[in-house]
Every structure is written in C-alpha cells, then in structure tokens.
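Please open the model in your viewer and keep the sequence panel beside it. The tour below goes from the whole chain to single residues, one selection at a time.

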Amino acid sequence: MAKTGRNEPCPCGSGKKYKACCLDQDRAVRAASEARGVAFLSSKSQRSLEVRDAAGWSVARAYVPVAEVWRSTGLGTAGIVRRQPGDRYAYALFSIVLLERGIGVMVGKRDMSSQELEEEIADFRSLVPPFEEGPTELAASFVWGARAFGESEGVRFPPSREAQFLALVPRPPGGARQWRERLVGRGGLTPPRLMRVIEANPVELELPQNMEVVIFTEMSFDLDDAAAVAARTREIPPAYGGFQFHETEPDEGEVAFFEWVRPYPKGHWSPLKVLGGMQLLGSVRIVEGSLVAEAKSLSMAARLAGMLKEQLGEAIRLRETRWSTPEDLRQTG
C-alpha cells in the first residue's frame, strides 16, 4: 500500500492536506489495530473492504446514531453488520458529521468471527461519534442520506473507495434527493434549528490541526430525581474515555456542578499544559428537574451527551438544545 505524505492531498478526497484531515484518525486506527494484531480496513487509508455478493448476506445487526446526540449535534455513526456463509461476519461503519458535510470516516472488515466482531466494534466506540443498535432502514437512511448531503455540498469519497463499504448497506427507496431530504430536509431526521446553525458555520478546508469551529452547545435534559442523577454522575469513572468529571461547589439552587475536563492534547498551545493544568471542555449542572450540559463545540457536545446517555440512560431525557457562536455572544453581551 502506498504511503501518503503529510503534505499531500488526503486520499479521502476532501481536498485537505493529509496532515489536516485523516492523518490522526488513521494513526488511531492503526494503533488500536496493532494493540490486538487485527488490521482495520479504512477507505481513508486507501484500503478496500473487498466485499462481493454482500446483497445475499443477511443483515445481522444495524447501528444508528444515538438519537438525542444526533438532535443536538448532527454527529453520529451508522452501520451494518452482515452474516457471511460459514458463520462469519462483515461490517461497515460510517461516522457522520453534518458540520463537515456528510460522511467523515468509513471503516469495515469481512470474514470475522463473532468475538472478533464484538471486539472491533467495541474498539471503535472510542474513535467515532456515538451509536447504538437500531432498525436497518434507519441505519440505511443515515448512511445514504449523509452521502447524498455530501454530494450536494461538493464533498464525497472517490467512488471506487466508498463502493465496497456501501455494498453492505441496503439502498432506501427513492434517489439521492429523497435520501438527502429525509436526513436534513424539513420534517427529516435533523432538527431545522440545528441545520440553520450548520449552514451558518461552514468548516474551512484548511482549518488548523487540532482546532474546530466554536459553537457553544447547551443541552437541557429532563429528570425525575436530581439527587439520584447527581450520585450516578459521581460514579462515572474518573478517566472515562480520557475525560474526567470534576465536581465543584454548586451555586445556590444547584444540586451538583461538574466541570468536564481532560489533559491537554499533545501539541496544544496553552501555557497551562506545561503547568499540568487540565483543559476545560464543558460542564454539567444539575438542578431539580433538569440536567444542563454545556460544551464549546458540536464534537465535544456529542462526546459529552453520548457519555451521559451511556451512563445515565433513561434517567435523563433531552428537552431542548441551544447553540451560539462567539459572535452571537458578543451581540447579546
């Protein structure tokens, strides 16, 4: 396999340089692979799933974005697992980032045992936006809708690379226009207010590495028992997913307040990194009847909401989400 240089165009076809696009993701995939001796196949590292006759393989499982995370951020992962002859499995996962105009990463593999499949899917939960099991039709709507949305915005993978992954995903009725409308159109799977935020904040192709568009995201969840939710939040492991919840003194009227932090990533410019400080990414405030989670970007909001839903489940239920940019805050401040 030919190696892509850091300053060469990214093989995913995004138009960015490799170092500003898929380099970090490919490194993470390879690191996870090498740790278990399993080779992940990624369209962004110029490798093919090489699926043939997939239409004749039964669908064993489907994955869809976590609904409340998707409605707040436009981030999620969808995919299909098919059963091959001989009790083997093939899968394809597609991470979807509407702010970046569609599918961000495609990964998959064939000829896997059941145990290998479970281990691989578990590994990817830390590398892609949140997902959960769901109906095959809904998974297909997300995948083909994201592809159609990307095409309409001039962003797509080279057809020869995406075809092997898409071969595992049933085509919904209709065509590209209908698929796009179901995902991002009026009455579709994405809230209109979120689409207005995304359309107003296009991602620049040459956005510096380790930086992203700042969109402050405030997610309000209903809850029945604030004290119980606070107790369960305290039980989240201190380094869950590389992030931490630090409880601080709550203000009057609050049941609990948590800062959501992580160690500064490699190469970060902050002088606090040298002093051993932690990077503040957001917060979780619990009052009677509500949990309010805040983050500084859509991607961080997706991680935070995904972690909270995984840990707290039906104890919290999304009520509304509000978004604002630094410019919005200046105008209202």
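Helices, in this tour, are DSSP runs of H or I with at least four residues, and they are numbered from the N terminus. Keep in mind throughout that this is a predicted model.

Begin by selecting the whole protein chain and colouring it by secondary structure, which comes to ten helices and twelve strands. Of the 333 residues in the chain, 47% are buried, and the chain exposes about 16300 Å², with carbon and sulfur atoms supplying 50% of that area. If you display contacts between residues at least 6 apart in sequence, 65% of them join residues that are at least 24 apart.

Next, select residues 298-312, which form helix H9, a run of 15 residues that reaches 20 Å from its first C-alpha to its last, close to the 21 Å expected at 1.5 Å a residue. How many of the residues of H9 are buried? Eleven of the 15 are, so that the helix is mostly covered, and the buried ones include Leu298, Met300, Leu304, Met307, Leu308 and Leu312, as well as Lys309. Move just past the end of H9 to Gly313, where the backbone takes a positive phi of about 55°.

Finally, select Gln164, whose place is in helix H5, residues 159-166. Is Gln164 buried or partly exposed? Gln164 counts as partly exposed because its relative accessibility is 23%, and buried would require a value under 20%. Add Ala92 to the selection and draw a C-alpha to C-alpha distance: Gln164 and Ala92 are 72 residues apart in sequence, yet 9.1 Å apart in space.

Methods: Residues are numbered from 1 along each chain as its sequence is written. This is a predicted model: local features need pLDDT of at least 70, side-chain atom pairs count only at pLDDT 80 or more; totals for chains, interfaces and linings use all residues. Side-chain values use heavy atoms; hydrogens and water are left out. Helices (H or I, at least four residues) and strands (E, at least two) are DSSP runs, numbered from the N terminus. Buried means under 20% relative accessible area, exposed over 50%, partly exposed in between (1.4 Å probe, protein chains only). Contact means heavy atoms within 4.5 Å. Accessible areas come from the Shrake-Rupley method with a 1.4 Å probe; for residues, only the protein chains shown count as cover. The expected span of a helix is 1.5 Å times one less than its number of residues.
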